[in-house]
Amino acid sequence: MITVEHLSKRYGDVLAVDDLSFTIEDGHIYGFLGPNGAGKSTTLNIITGCLAATSGEIKIDGHDIYEEEREAKRLIGYLPEIPPLYIDQTPREYLQFVAEAKGISKSEREAEIDRVIEETHITEMQNRLIKHLSKGYRQRVGIAQALLGNPSVIILDEPTVGLDPMQIIEIRDLIAELGKKHTVILSSHILSEIQAICEKVLIIYKGKLVAFDNIENLGKSMAQGNEIEIISSGEPENTVEVLEKLAAIESYQHIQTDDGFNSFRLTTRQGNPYEICKVLFMTFAANNIPLVKLNPIQTTLEDIFIELTSDDEMDSYQDTDSISTAEEMQQVEQEAR
Ligand code: ADP
Ligand code: MG
C-alpha cells in the first residue's frame, strides 16, 4: 500500500504538484492519467524516492520514503519516463549491473536475472547490445530492471510513448500480465491506454487530483448525461411554449433554425434521459409539433477527461506535438488534409 499525504513540489515559481493525497491499495492496476505537464513524472519520481518533495509524506507499506529509504525503495520497481539504459551493454550485462546496485546477493543474482528476462520475453535479445534493440525491446529491458528483486509495486511512467502500434499492444499485454502479481501504477496522457489496461484511475491536472475512481464508476457517473438535443418542425415560439410547460426541462437553448426545423439543446433535471425523451415525444405529439430528432447526449469518459483537464491555460501546458484525445486526433487529421 502506498499512502501519499499532502504532497507538494515546487520548481522555482512552478507549483508542479499541489497538495496531492491518495492511497494506492495492493493488487490493482492503477492508471495515472493527465495531460503533459500535469505533474505525473514529478509525482512518480517523488514516490519512488528519486526526487525530494517540497512538502508532504509518502509511505510504502508503512515505510517513510525519506526516513526508511532502503526498506521503502525495495518495495518499488520503477521505469522512469527516460529509462536509464546503458546502450553499449547487453540486456544481461545491464541487468547484472542493476541487480548488484539493488543489493541482490551474488548467489541469487543470476536466477533472478533469468526470471525477469523470461517474464519480459527478452530471452532472444539478452546478449545483443541494447543500442541494436528496437524501442519496444528496450522498453522491455527497462521493465525487466524494474522487476529485479520482485518488488510488490511496479511503477511505469509513460511506458508506451514512442512505440509503434504493435509494440504498444505487446507492452500492454506485458503490463496486464504484471498486474496479476504486482500492484502496478501506469502513467499516461492517453485516455484510451488507461481505459484498456487499468482498473482504477487517478486523473491529475495542474498538480491536483481531479478524479480518482474505478473506470466503471467514472464511466457510469458520466453516462448519465443530462442534455438532450431535439429538432422540432414547429415554429420556435411554439416549441418554446411546450418546453416551458415541461417540469423535466430545466433550461433550453435555441441552437438554430434551418428550413423550418429548429434545433434546441435541453438541460434536463435528474432522471433517466430516455424516460424524459418519452415525455418529450408524447407532449410534442399532443401539441401537434412533430419532433424529427430526439437525442440524449451521452457524456463519455473522454468528455469528462476533457472537461476536467481543459481551460484557457491549457495551451501552455500541452506539448504541441502530442495527442491526448480522439478529438485532438481528428483535428490533427483534418489539418493534415
Ligand atoms: P507530466 O509528467 O505530467 O508531463 P511533469 O511532472 O514532468 O509533468 O511536469 C510538471 C510541471 O513541472 C510542468 O510544468 C513542468 O514544466 C515542470 N517541471 C518538471 N520538471 C521540472 C524541472 N526539473 N525544473 C523546472 N520545472 C519542471
Ligand atoms: Mg511525464
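A salt bridge is a side-chain nitrogen of Lys or Arg within 4 Å of a carboxyl oxygen of Asp or Glu. In this predicted model, Glu112, Arg115, Glu119 and Lys181 are linked in a network of such contacts. The structure holds 17 salt bridges; among them are the three pairs described below, Glu112 with Arg115, Glu119 with Lys181 and Arg265 with Glu227.

**Glu112 and Arg115**
- The salt bridge between Glu112 and Arg115 has its closest N and O atoms 2.8 Å apart.
- Both residues lie in helix H4 (residues 106–119), and because they are three residues apart, about one helical turn separates them.
- Glu112 is buried, at 13% relative accessibility, whereas Arg115 is partly exposed, at 25%.

**Glu119 and Lys181**
- Glu119 and Lys181 form a salt bridge through their side chains, with an N to O distance of 3.8 Å.
- This pair links distant parts of the chain, with Glu119 in helix H4 and Lys181 in helix H6 (residues 165–181), 62 residues apart.
- Glu119 has a relative accessible area of 12% and is therefore buried, the cut-off being under 20%.
- Lys181 is exposed, since its relative accessibility of 61% is over 50%.

**Arg265 and Glu227**
- In the salt bridge between Arg265 and Glu227, the closest N and O atoms are 3.2 Å apart.
- The two residues are 38 apart and connect distant parts of the chain: Arg265 belongs to strand E13 (residues 261–268) and Glu227 to strand E11 (residues 227–232).
- Arg265 is partly exposed, with a relative accessible area of 31%, and Glu227 is also partly exposed, at 27% relative accessibility.

How values were computed. Residues numbered from 1 in each chain as written. Chains lettered and ligands numbered in written order. Predicted model: local features only at pLDDT ≥ 70, side-chain atom pairs only at ≥ 80, totals over all residues. Heavy atoms only, no water. Helix = DSSP H or I, 4+ residues; strand = E, 2+ residues; numbered from the N terminus. Buried < 20%, exposed > 50% of the residue type's maximum accessible area, 1.4 Å probe, protein only.
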